[in-house]
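Q: Could you take me through one helix of this model in some detail? I'd like to hear what it packs against and how its two sides compare.

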Amino acid sequence: MNIVGITSCTCGIAHTYMAREKLLETGEKFGWSVKIETQGSGGVEFALTDEDINAADCVLIASDVAVSGTERFKGKPMVKVPVATESKTPENHLRKIEEK
């Protein structure tokens, strides 16, 4: 399974990066390709490429604030959750995405 996404929190610091790391770790555990862009106080980091997006089976937006660039994901299944969901329980959430 190929997942791309964006993480972002209200301050754009701690939870943004914690959620990204948890998703990457969980994806590796599952044997999935997971690429996560962060949008925070430092701007956009780990930007997704067109190739990343085209290869994705699903887009995951884990954010407590509006994120930019979601038009890039047109036509892709998208799941939106609070950033804390991915910081705390990424395994359960990714399994639910897989089931769908």
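A: Here is a walk along helix α1, with a short stop at two residues elsewhere.

Keep in mind that this is a predicted model. Helix α1 covers residues 14-30, 17 residues in total. From first C-alpha to last it reaches 24 Å, close to the 24 Å expected at 1.5 Å a residue.

Now for the sides. Thr16, Ala19, Arg20, Leu23, Thr26, Gly27 and Phe30 are the buried residues to look at in α1. These residues cover an arc of only 140° around the axis, so they sit on the same side of α1. The spacing fits a general rule: an α-helix has 3.6 residues a turn, so residues three or four places apart point the same way. On the other side of α1 you'll find Glu28 and Lys29, both exposed.

So what lies over the buried side? The cover includes strands β1 (2-8), β2 (33-40) and β4 (58-63), along with helices α3 (83-88) and α4 (90-99).

Of those, α4 deserves a closer look. Its axis and that of α1 come within 9 Å and cross at roughly 60°. That angle makes α1 oblique to α4. The crossing itself is right-handed. On the α1 side, the contact is made by Lys22, Leu23, Thr26, Gly27, Lys29 and Phe30, and on the α4 side by Pro90, Glu91, Leu94 and Arg95. Some names come back here: Leu23, Thr26, Gly27 and Phe30 are also among the buried residues of α1, while Lys29 is exposed and still takes part in the contact with α4.

At the end of the helix, α1 is followed by Gly31, whose phi is positive, near 80°.

While you're at α4, have a look at His93, which lies in that helix. Its relative accessibility is 12%, under the 20% cut-off, so His93 counts as buried. Setting aside neighbours within four places in sequence, His93 is in contact with Leu60, Val79, Val81, Thr85 and Glu86.

One more backbone detail, away from α1: Phe46 has a positive phi too, near 60°, and it is a residue other than glycine. Phe46 lies in the loop between β3 (43-45) and α2 (50-55). With 43% relative accessibility, Phe46 counts as partly exposed.

Key. Residues numbered from 1 in each chain as written. Predicted model: local features only at pLDDT ≥ 70, side-chain atom pairs only at ≥ 80, totals over all residues. Heavy atoms only, no water. Helix = DSSP H or I, 4+ residues; strand = E, 2+ residues; numbered from the N terminus. Expected span 1.5 Å × (residues − 1). Buried < 20%, exposed > 50% of the residue type's maximum accessible area, 1.4 Å probe, protein only. Arc of directions from axis to C-beta. Contact = heavy atoms within 4.5 Å. Axes fitted to C-alpha atoms, helices over the stretch in contact; angles between N-to-C directions. Parallel < 35°, antiparallel > 145°, perpendicular 65-115°, else oblique. Left-handed = near helix turned anticlockwise from the far one by under 90°.
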